[in-house]
Amino acid sequence: MNIDKPITTLYMLMSVDGKISTGANDELDVDKDFPTIEGLKEGLHQYYEIEQTTDLWSFNTGRVQEKMGVNEKEPPSKSPVSFVIMDNHHLSPAGVRYFSAWAKEFVLITNNKFHPAFDVDEDNLHIIYQDEQDLRSALVQLKSEYGCDRLTVQSGGTVNGLFLREKLFDYVDLVVAPVLIGGKDTSTLIDGCSLMSHEELSGLGVLKLEDCKVLEDSYLRLRYKVIS
């Protein structure tokens, strides 16, 4: 079913075996760990340089941002990027103010009617409250009410899985680091519930390769269009 939503691209850094974290607890993280590892740190800058060319609307989750320390950090200088954060309880009032100070527009999607964002008064803070999580309707609202035409998704594997099963990705843009991480409990590009029957195979995301580029230091960039 076609809906009037933003064109949505999943942009992620992952290992050759599809891991988007260096381990199975929140102390382990590619942004923290890859810069310290010989053979990975040399080419890592390419991921961040490409990130600077992605859409001017960016989607993430409160859990990922809590890991990145936004509840304790001072915000950087004002960004031209607008941020969409899905969160129920990971962002503190300071974290909400961090994004309000940093973003051009900040849209919070939450099912928590007591989220601290409701007590923060900022002109560029907008809240999409849902009784039950509904990514599809949230994306429609992002386009119709806030003018979000293109959206880059950089969330965790579980939320990426929700986008996939709802057929909400239009493109997938991956930077592959030359490393194997392993571990069945380490987050992958797409997590969430596994398919359990042939009837569920319609939940697959079939891709068409649009570009494959060999980067420096054994990194790769793979760009796909989602065709079903």
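A salt bridge here is a side-chain nitrogen of Lys or Arg within 4 Å of a carboxyl oxygen of Asp or Glu. Welcome to a set of close-ups of a predicted model, in which local features need pLDDT of at least 70, side-chain atom pairs count only at pLDDT 80 or more, and totals for chains, interfaces and linings use all residues. Residues are numbered from 1 along each chain as its sequence is written, and side-chain values use heavy atoms, with hydrogens and water left out.

**View 1. Asp33, a buried acid without a salt bridge.**
Asp33 sits in helix α1, residues 30–33; helices (H or I, at least four residues) and strands (E, at least two) are DSSP runs, numbered from the N terminus. Asp33 is buried but forms no salt bridge, and Lys32, the nearest side chain of opposite charge, is 7.3 Å away. For charge, Lys and Arg count as positive and Asp and Glu as negative, while His and the chain ends are not counted. Buried means under 20% relative accessible area, exposed over 50%, and partly exposed in between (1.4 Å probe, protein chains only). The side chain of Asp33 does make a polar contact with that of Thr22, at 2.5 Å. A polar contact is a pair of N or O atoms within 3.5 Å; within protein, one must be able to donate a hydrogen and the other to accept it, and residues adjacent in sequence count only if both atoms are side-chain atoms. Beyond its neighbours within four places in sequence, Asp33 is in contact (heavy atoms within 4.5 Å) with Thr22 and Leu28.

**View 2. Helix α5, residues 135–146, from start to end.**
This helix has twelve residues and spans 15 Å from first C-alpha to last, close to the 16 Å expected at 1.5 Å a residue; the expected span is 1.5 Å times one less than the number of residues. At its start, a side-chain oxygen of Asp134 comes to within 3.3 Å of the backbone nitrogen of Arg136. Leu135, Arg136, Ala138, Leu139 and Leu142 are the buried residues to look for in α5. After the helix comes Gly147, with a positive phi near 75 degrees.

**View 3. Two salt bridges that reach α5.**
Asp4 pairs with Lys143, with their closest N and O atoms 2.8 Å apart. Asp4 lies in the segment before β1 and Lys143 in α5, so this pair ties together parts that are 139 residues apart in sequence. Asp4 is exposed at 53% relative accessible area, and Lys143 is partly exposed at 26%. Glu166 meets Arg136 in a salt bridge at 3.5 Å, N to O. Because Glu166 is in the loop between α6 and β7 (171–177) and Arg136 is in α5, the pair joins parts 30 residues apart in sequence.

**View 4. Helix α6, residues 157–165, and its packing.**
Gly157, Val159, Asn160, Gly161, Phe163 and Leu164 are buried in this helix. The buried residues of α6 pack against β1 (7–15), β2 (57–61), α5 and β6 (150–153). Lys167 follows α6 and has a positive phi, near 60 degrees.

**View 5. A salt-bridge network of Asp173, Arg221 and Arg223.**
Within this network, Arg221 and Asp173 form a salt bridge with closest N and O atoms 2.7 Å apart. Arg221 is in strand β9 (residues 220–226) and Asp173 in strand β7, 48 residues apart. Arg221 is buried at 15% relative accessible area, and Asp173 is buried at 7%. The structure holds ten salt bridges.
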